[in-house]
Amino acid sequence: MHLRYSYRICPTVSQRQALARTFGCARVVFNDALALRKAAWKADRSRIRPVFWPSR
């Protein structure tokens, strides 16, 4: 039984740029959300919980 798989990708130059832009944006969003949570906790020890959108 395989528990995981390994894949190697060989993106083109334009695909590398798109991946770098996408992951860079995701990192910024994550860091901003983390900063909000830390600020809320430091202010009054409240928690900001993730919002889950209802499925369609």
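Cysteine 25 is partly exposed, at 47% relative accessibility. The model is predicted. A search of the whole structure finds zero disulfides. Two surface patches stand out for description: a positive one formed by Arg37, Arg45, Arg47 and Arg49, and a nonpolar one formed by Ile9, Leu19 and Phe23.

**Cysteines**
- Cysteine 10 is exposed, because its relative accessible area is 68% and the cut-off for exposed is over 50%.
- Cysteine 25 has 47% relative accessibility, so this residue counts as partly exposed.
- No disulfide turns up anywhere in the structure.

**Positive patch**
- Four arginines build this surface patch: Arg37, Arg45, Arg47 and Arg49.
- Arginine 37 sits in helix H1, which covers residues 13-44.
- The relative accessible area of arginine 37 is 45%, so this residue is partly exposed.
- Arginine 45 belongs to the segment after H1.
- Arginine 45 is exposed, with 60% relative accessible area.
- The phi angle of arginine 45 is near 55 degrees, a positive value in a residue other than glycine.

**Nonpolar patch**
- Ile9, Leu19 and Phe23 make up this patch on the surface.
- Together, Ile9, Leu19 and Phe23 have about 320 Å² of accessible area.
- Isoleucine 9 is placed in the segment before H1.
- Isoleucine 9 has a relative accessible area of 63%, so this residue is exposed.

Note on methods:
Residues numbered from 1 in each chain as written. Predicted model: local features only at pLDDT ≥ 70, side-chain atom pairs only at ≥ 80, totals over all residues. Heavy atoms only, no water. Disulfide = S-S within 2.5 Å. Buried < 20%, exposed > 50% of the residue type's maximum accessible area, 1.4 Å probe, protein only. Patch = residues over 30% accessible without salt bridge, like charges linked within 9 Å, V, L, I, M, F, W, Y side chains within 5 Å. Areas by Shrake-Rupley, 256 points an atom, 1.4 Å probe, with all protein chains shown as cover. Salt bridge = Lys/Arg side-chain N within 4 Å of Asp/Glu carboxyl O. Lys, Arg positive; Asp, Glu negative; His and termini not counted. Charge placed at Lys NZ, Arg CZ, Asp CG, Glu CD. Helix = DSSP H or I, 4+ residues; strand = E, 2+ residues; numbered from the N terminus.
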